[in-house]
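Please look at the chain shown here, first as a whole and then in its parts. The notes after it are meant to be read with the structure in view.

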Amino acid sequence: MADVWLRSFAAALPSVRRAHTDDQVRSWFREVVVPGQETWVATVHGPVVGIMVLDAEYLEQLYLDPAWQGQGIGGRLVHLAKQRRPAGLALWTFQVNESARRFYERHGFIAAESTDGHRNEEHEPDIRYVWSPGEQEP
């Protein structure tokens, strides 16, 4: 799972400073994410190609291996997240991640707040998106 996150982050956000080393990311997945948050993986013939992490009403992580993007896997994971959180969802993404922003907007998320990044570890301007039930499905 951590390797999918690392590959996806590197491909989608080459200009964003990472706050943690590869080993720290792997440790975080192993010690924090998997035991403490609702974690889902997408696999294709065995290997993990996508990850989704839910925590309370937040879609905390949604990353796909770059080789598997654009094939509907992310949309299926978002659909699952909506099923798991039928009262609504929120998420944060970096403002520079225009492909993620378009993806979430296509799936009914609406930009609700923008920040200068002072609250995230990367200090990168971000956007909070929200989805409420009844929003038009793609």
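What follows goes from the whole chain to one helix and then to a single residue. The model is predicted, and its secondary structure comes to four helices and six strands. Read along the sequence, these elements follow the pattern α-α-β-β-β-α-β-α-β-β. The radius of gyration of the chain is 14 Å, close to the 14 Å that the globule rule gives for 138 residues, and the chain is therefore as compact as a globular protein of that length.

**The chain as a whole**

- Along its principal axes, the C-alpha trace of the chain spans about 40 × 40 × 30 Å.
- Of the 138 residues in the chain, 42% count as buried, while the accessible surface of the chain comes to about 7700 Å², with 50% of that surface belonging to carbon and sulfur atoms.
- If one takes the contacts between residues at least 6 apart in sequence, 56% of them join residues that are at least 24 apart.
- The chain carries 14 positive and 19 negative side chains, and the centres of these two sets lie 4 Å apart.

**Helix 4 and its two sides**

- Helix 4 covers residues 98-106, and within this helix A100, F103 and Y104 are buried.
- These three residues cover an arc of only 95 degrees around the axis, which means that they lie on the same side of helix 4.
- On the other side of helix 4, by contrast, E98 and R106 are exposed.
- The cover over the buried residues of helix 4 includes strand 3 (58-64), helix 3 (73-84) and strand 4 (89-94).
- After helix 4 comes G108, and the phi of G108 is positive, near 90 degrees.

**V25 in helix 2**

- V25 is found in helix 2, which runs over residues 22-36.
- Is V25 buried or exposed? Buried means under 20% relative accessible area, and because V25 has a relative accessibility of 4%, this residue counts as buried.
- Which residues are in contact with V25, leaving aside its neighbours within four places in sequence? They are A2, W5, L6, R18 and H20.
- One of these contacts, A2, is 23 residues away from V25 in sequence, and yet the C-alpha atoms of A2 and V25 are 6.5 Å apart in space.

Definitions and conventions: Residues numbered from 1 in each chain as written. Predicted model: local features only at pLDDT ≥ 70, side-chain atom pairs only at ≥ 80, totals over all residues. Heavy atoms only, no water. Helix = DSSP H or I, 4+ residues; strand = E, 2+ residues; numbered from the N terminus. Buried < 20%, exposed > 50% of the residue type's maximum accessible area, 1.4 Å probe, protein only. Contact = heavy atoms within 4.5 Å. Rg over C-alpha atoms; globule rule 2.2 N^0.38 Å. Areas by Shrake-Rupley, 256 points an atom, 1.4 Å probe, with all protein chains shown as cover. Lys, Arg positive; Asp, Glu negative; His and termini not counted. Charge placed at Lys NZ, Arg CZ, Asp CG, Glu CD. Arc of directions from axis to C-beta.
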